[in-house]
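I opened my notebook to this structure and went through it topic by topic. Here are my entries, in the order I made them.

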Amino acid sequence: MVRWCTDEVEPHDRFDFWREVRAKGLFGVTAELERERRGDFHGEFSLSQVGNGALVELKASPYVVERSQADISDAPGDSICVYQQLGGGGWFGGMRSSDFAIANGSFATSHTDLPYRTKPLGASGFHLRILKIPVSGLATQDKRMRELAPKPFIDPALAPLLDACFTDLGETAANDGSPGALPLVQALGHLALIERGIVRPGSRRGQAALRTARLSLARRLIARHLEDPDLAPTRVADLLGVSVRHLHMLFEVADRSFSQTVTEERLKRSRRLMREAPERLIADIAAACGFESLATYYRVFNAAYGMAPGDFRAQAAGRR
């Protein structure tokens, strides 16, 4: 993972460096900002190779971005981009299709080699993730992919699936787990193509993308409701909008079953809480992680790690 921030450059050079190295050099776009506002500019980004794609998270003061025909000629990308707006909102324009605004938490997609202009809607500036996937790296090969001008996702059912995949992809990148990122990259790319009508949801590739995304979201839902000792497949299936049978089928292709995943997540959270709050009673931690009793927690913890929770806490304290 590559991280960079304008704090590494003298204030009067920050926007010029960002414009030439970040915007033009890395992403093939033209950055514009009034000269009198450049002294206050701040920007930071991370870039990770994930599977066969590249994941960027970017935060920056307001400025205008253009991907012109000249930029495209100088740096063709032939890739699909999936955008996730993480803060504020953004405007896209200057395209074949009509202008549009993308709200915080929303998604958009495009092909890299079509012109556009974009800028943040508010004073907080840009905050977004961008997944860039070469067309050659997608299992679907369709000439219509190169005609995808920027456009927001309209289907609300896809938003939680996209969010779960993006979150998992970010965590995978942070943990240097690039090989495990490939299914998530493919899922995000094909969900974008489902939205744009190029991949049918019921096709083999569409179903594979939806399975990966639903499994990702199911794990997120489990983590969100871990404190409930009665957390059952029926509740997660209802939240996911699938049958219980379909939910179990999702976990059949994973390393662990639904119940094993719940237990593992509860144990991981309990270990984190013991490290972060050494003064907290173990009984309180067990309850907060959804274990039905302290005896159950001790039994499951010892089976998983070969020691009691108190011994783990003592070891963790000794490493400080």
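**Cysteines.** I took a disulfide to be a pair of cysteine sulfur atoms within 2.5 Å. The model I searched is a predicted one. By that rule I counted zero disulfides. I then asked why Cys165 has no bond to Cys81, which holds the closest cysteine sulfur. The two sulfurs are 17 Å apart, so they are too far from each other for a bond. I also looked up how accessible Cys165 is, and it is buried, at 0% relative accessibility. Cys289 is buried too, and its relative accessible area is 0%.

**The sheet.** Next I traced the strands. Seven of them form an open sheet, and I noted the order as β1-β3-β4-β11-β6-β9-β12. The pairing is antiparallel. Which strands are at the edges? They are β1 (2–5) and β12 (151–152), and each pairs on one side only. I looked inside the sheet as well. Strand β3, residues 43–50, pairs with strand β4, residues 53–60, over eight bridges. Their sense is antiparallel. I found Gln49 opposite Ala54 in β4.

**Thr6.** I then stopped at a loop residue. Thr6 lies between β1 and α1 (14–27). Is Thr6 buried or exposed? I found it buried, at 0% relative accessibility. I set aside its neighbours within four places in sequence and listed the contacts of Thr6: Arg14, Trp18, Phe41, His42 and Gly43.

**Aromatic rings.** I counted 22 aromatic pairs in the structure. I checked Phe92 and Phe100: their ring centres are 5.0 Å apart and their planes meet at 10 degrees, so I logged the pair as stacked. Both Phe92 and Phe100 are buried. For Tyr297 and Phe301 the centres are 5.7 Å apart and the planes are at 70 degrees, so this pair is edge-to-face. Tyr297 and Phe301 sit in helix α10 (residues 294–305), four residues apart, which is about one turn of the helix. I noted both Tyr297 and Phe301 as buried. One aromatic cluster went into the notebook in full: Trp4, Phe15, Phe17, Trp18, Phe27, Phe41, Phe45, Tyr63 and Phe126. Trp18 and Phe41 were familiar from my list of Thr6 contacts.

**Charges over rings.** Last, I looked for charged ends over rings. Where does the charged end of Lys119 sit? I found it over the ring of Trp91, 5.7 Å from the centre. Arg271 lies over the face of Tyr305, and I noted 4.5 Å to the ring centre.

Conventions:
Residues are numbered from 1 along each chain as its sequence is written. This is a predicted model: local features need pLDDT of at least 70, side-chain atom pairs count only at pLDDT 80 or more; totals for chains, interfaces and linings use all residues. Side-chain values use heavy atoms; hydrogens and water are left out. Buried means under 20% relative accessible area, exposed over 50%, partly exposed in between (1.4 Å probe, protein chains only). Two strands pair if DSSP finds at least two bridges between them. Helices (H or I, at least four residues) and strands (E, at least two) are DSSP runs, numbered from the N terminus. Contact means heavy atoms within 4.5 Å. Rings of Phe, Tyr and Trp (its six-membered ring) pair if their centres lie within 6.5 Å; planes under 30 degrees apart count as stacked, over 60 as edge-to-face and the rest as tilted. A charge sits over a ring if NZ of Lys or CZ of Arg is within 6 Å of the ring centre and within 35 degrees of the ring normal.
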